[in-house]
Amino acid sequence: MNVQAEVSLYPLHCSDLTEPIRQFVELLEDNQLKVEIGPMSTLVKGDSQVVFENLKKAFGRLAEEYKVVMTLKISNACPRS
């Protein structure tokens, strides 16, 4: 099943917010996902299993180095583009 996820990552207690967010997006882009970066969130599109696995992996990698909050909305009803 194809899904679309809107994801936002919020690094806590860091002076440079750009670096952890850049790393997070790079981890997602290295996979079989379509990634669209927006000003406040990132859209991730692809097979549901691939989306879930890669969001879990990317969050886990960032959480090893930073304190982070990730918000996520997922839909299987969004139009494909």
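A strand here is a DSSP run of E, at least two residues, and strands are numbered from the N terminus. Gly46 sits in one of them, strand S3. I will come back to that glycine. One caution before we start: this is a predicted model.

Sheet first. There are four strands, and they make an open sheet. The order across it is S2-S3-S1-S4, with antiparallel pairing. Which strands stand at the edges? Strand S2, residues 34-37, and strand S4, residues 67-75. Each has a single partner strand, so one side of each has no neighbour in the sheet. From one strand to the next, the twist averages 20°.

Look at the S2 end. S2 pairs with strand S3, residues 42-47, in the antiparallel sense. Four bridges hold that pairing in the assignment. Lys34 is opposite Lys45 of S3. Keep both lysines in mind.

Now the helices. Helix H1 covers residues 18-29 and packs on the sheet. H1 touches strand S1, residues 2-12, and also S2, S3 and S4. The direction of H1 makes about 155° with that of S1. Helix H2, residues 48-65, packs on the sheet as well. Its contacts are with S1, S3 and S4. Against S3, the direction of H2 makes about 135°.

Next, the core. How many residues are in the largest nonpolar core? It has 17. The residues with the most contacts inside it are Phe24, Leu28, Leu33, Val44, Val51 and Leu55. S1, H1 and H2 are the elements that give two or more residues to this core. H2 supplies the largest share, five residues.

Take Leu55 as a way in. Set aside its neighbours within four places in sequence. What is Leu55 in contact with then? The list is Ala5, Val7, Phe24, Leu28 and Leu72. Phe24 and Leu28 are also on the list of residues with the most contacts inside the core.

Another residue of H2 is Ser48. Is Ser48 buried or exposed? Buried, at a relative accessible area of 14%. The cut-off for buried is under 20%, so Ser48 qualifies. Beyond four places in sequence, Ser48 is in contact with Met1 and Val3.

Back to Gly46, as promised. Gly46 is buried too, with a relative accessible area of 14%. Not counting residues up to four places away, Gly46 touches Met1, Asn2, Val3, Leu33 and Val51. Met1 and Val3 also appear in the contacts of Ser48. Leu33 and Val51 are on the core list I read out. One distance to note for Gly46: Lys34 is 12 residues away in sequence. In space, their C-alpha atoms are 6.4 Å apart.

On to charges. The count comes to five salt bridges. I will show you three.

Start on H1. Arg22 and Glu26 meet through their side chains in a salt bridge, 2.5 Å from N to O. The two residues are four apart in helix H1, so about one helical turn separates them. Arg22 is partly exposed at 35% relative accessibility. Glu26 is partly exposed as well, at 38%.

Now back to the S2 end, and to our two lysines. Which residue forms a salt bridge with Lys34? Glu36 does. The closest N and O atoms of that pair are 3.7 Å apart. Glu36 also meets Lys45 in a salt bridge, side chain to side chain, at 3.0 Å from N to O. The Lys45 and Glu36 side chains also make a polar contact, at 3.0 Å.

Compare the burial of these three. Lys34 is partly exposed, with a relative accessible area of 38%. Glu36 is partly exposed at 30%. And Lys45, in strand S3? Lys45 counts as buried, at 11% relative accessibility. The buried class stops at 20%, so a value of 11% puts Lys45 inside it.

One network to finish the charges. Salt bridges with shared partners join Glu19, Arg22 and Glu26.

To recap. An open antiparallel sheet runs S2-S3-S1-S4. H1 packs on the sheet, and H2 does too. The largest nonpolar core takes five residues from H2. And Glu36 bridges to Lys34 and to the buried Lys45. That is the tour.

Conventions:
Residues are numbered from 1 along each chain as its sequence is written. This is a predicted model: local features need pLDDT of at least 70, side-chain atom pairs count only at pLDDT 80 or more; totals for chains, interfaces and linings use all residues. Side-chain values use heavy atoms; hydrogens and water are left out. Two strands pair if DSSP finds at least two bridges between them. Axes are lines fitted to C-alpha atoms, for helices over the stretch in contact, and angles run from 0 to 180 degrees between N-to-C directions. Contact means heavy atoms within 4.5 Å. A nonpolar core is a set of buried Ala, Val, Leu, Ile, Met, Phe, Trp, Tyr and Cys residues joined through side-chain atoms within 4.5 Å. Buried means under 20% relative accessible area, exposed over 50%, partly exposed in between (1.4 Å probe, protein chains only). A salt bridge is a side-chain nitrogen of Lys or Arg within 4 Å of a carboxyl oxygen of Asp or Glu. A polar contact is a pair of N or O atoms within 3.5 Å; within protein, one must be able to donate a hydrogen and the other to accept it, and residues adjacent in sequence count only if both atoms are side-chain atoms.
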